[in-house]
Amino acid sequence: RPQFTAVRTKFRRTSSPRRSWASSGRAVVERVPQIDFAPFLSGEPNGKDRVARDIGAACEGIGFFYLTGHGIPVEMTDGIFSAARQFFTLPVERKTDPDLLISREHSRGYQPLGTRYYEKTSAPDLMEAFKYQRELPADDPDILAGDRIQQANKWPANLPGWRERLLAYFDAIDGVSANLLRAFALALDLEEDYFLGFYLKPMTQVSLLHYPPQPPAPDAFGNRPHLDETAFTIVLQEDVAGLEVKTASGNWVGVPPIQGSFVVNIGDYMARWTNDRFRSTMHRVVNRTGAKRYSIPYFAIPDFDAVIECLPTCVGPESPVKYEPLHVGRSIQRKFSSDYV
């Protein structure tokens with residue numbers, strides 16, 4: 001059984017200490033479960049099935065879970081945070097070099113503080129970011145096409161070894177993603193390699209994020225309430241809290257850092273794939289700790305030409321198909337065009 005973290009939570013009246021029930025009959029999980037991935041990685045059939053069931057239960061409940069036993073050494077996670085601090089403490093004029101800046105046309109590189117707005121909001125998010133993807137050669141056909149999201153990474157000058165450290169982390173977290181895709185498939189009664197065919201040349205992305213201490217204003221957010229436009233997200237947190245998830249009963253629950261863990265959350269594409277069996281859950285970042293907060297999310301976005309359609313195991317007489325097929329590349333293009341002002 002998955003373990004559960006101790007977080008401050010309000011519970012609705014229920015006979016169970018861990019769940020309440022929404023009016024739809026779905027269990028409302030009020031805490032984020034902790035799941036050890038090591039039995040899945042060992043390849044032992046009973047362990048794989050047990051972990052897949054636990055992951056499925058978390059995804060059908062709160063849509064978030066902590067992942068331990070993932071196989072990435074602490075030296076690598078400490079190293080990527082060291083790289084993040086090294087970059088974000090650079091002088092402003094180095095970070096805002098025109099050759100490094102992100103834009104509507106080029107979604108890789110540095111995103112300065114205060115430059116991202118969500119639609120229908122009056123203030124920007126209080127965060128800065130550095131975004132990159134798998135390194136592709138300059139003559140890659142998708143890069144040359146210029147309209148398929150795949151782009152050349154932008155790297156800061158005069159940071160020896162920095163680029164190599166970020167790319168090594170990308171390869172490692174990409175491996176965790178592939179194994180999670182296998183676990184999701186088993187949880188959904190599909191062949192284990194089902195989702196891998198949608199990730200042949202994916203648009204996956206890593207972001208280094210820095211949230212400075214924010215004012216106590218109620219409308220100030222490091223990252224305001226949102227859903228992720230991805231299949232799922234794997235978040236590495238350091239030691240400063242701030243991530244919160246909204247449960248189905250309407251409570252905001254903290255997802256504090258746990259040493260050695262990732263936080264995994266379901267995104268909109270997986271919710272569409274599963275006909276909302278897996279939940280894409282509203283979440284936010286509020287950094288009122290007085291300290292700098294760093295986190296590193298990996299967005300598991302499928303191939304540009306992937307089409308998200310309801311899975312055969314998630315539809316039936318009582319579960320009709322809710323969504324039209326969705327072309328992933330066009331969906332991401334719409335998102336990029338609306339994120340920056």
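**Close-up views of a predicted model**

**View 1. Buried positions along helix α2.** In this predicted model, α2 buries Gly47, Lys48, Val51, Ala52, Asp54, Ile55, Gly56, Ala58 and Cys59. The list is a mixed one, with Lys48 and Asp54 sitting alongside Val51 and Ile55 among the buried residues. When you follow the helix, keep in mind that an α-helix has 3.6 residues a turn, so residues three or four places apart point the same way.

**View 2. Helix α2 from end to end, with its cover.** Residues 45–60 make up this helix, 16 residues in all. From first C-alpha to last, α2 reaches 22 Å, close to the 22 Å expected at 1.5 Å a residue. Look around its buried residues and you will find cover that includes the strands β4 (33–36), β5 (64–68) and β13 (262–266), as well as the helices α1 (38–41) and α6.

**View 3. The largest nonpolar core.** Here 70 residues come together, and those touching the most other members are Ile55, Phe65, Leu180, Phe184, Phe195 and Phe232. Helix α6, spanning residues 162–187, is the biggest contributor to this core, with 13 residues. Ile55 may look familiar, as it is also one of the buried residues of α2.

**View 4. A second core.** Separate from the largest one, this core has 15 residues, including Val32, Leu209, Tyr211 and Val253.

**View 5. The whole chain, for context.** Stepping back, the chain holds 8 helices and 17 strands. Of its 341 residues, 51% count as buried. Among contacts between residues at least 6 apart in sequence, 75% join residues at least 24 apart. The accessible surface is about 15,500 Å², with 51% of that belonging to carbon and sulfur atoms.

Definitions and conventions. Residues numbered from 1 in each chain as written. Predicted model: local features only at pLDDT ≥ 70, side-chain atom pairs only at ≥ 80, totals over all residues. Heavy atoms only, no water. Core = buried A, V, L, I, M, F, W, Y, C linked by side-chain atoms within 4.5 Å. Buried < 20%, exposed > 50% of the residue type's maximum accessible area, 1.4 Å probe, protein only. Helix = DSSP H or I, 4+ residues; strand = E, 2+ residues; numbered from the N terminus. Expected span 1.5 Å × (residues − 1). Contact = heavy atoms within 4.5 Å. Areas by Shrake-Rupley, 256 points an atom, 1.4 Å probe, with all protein chains shown as cover.
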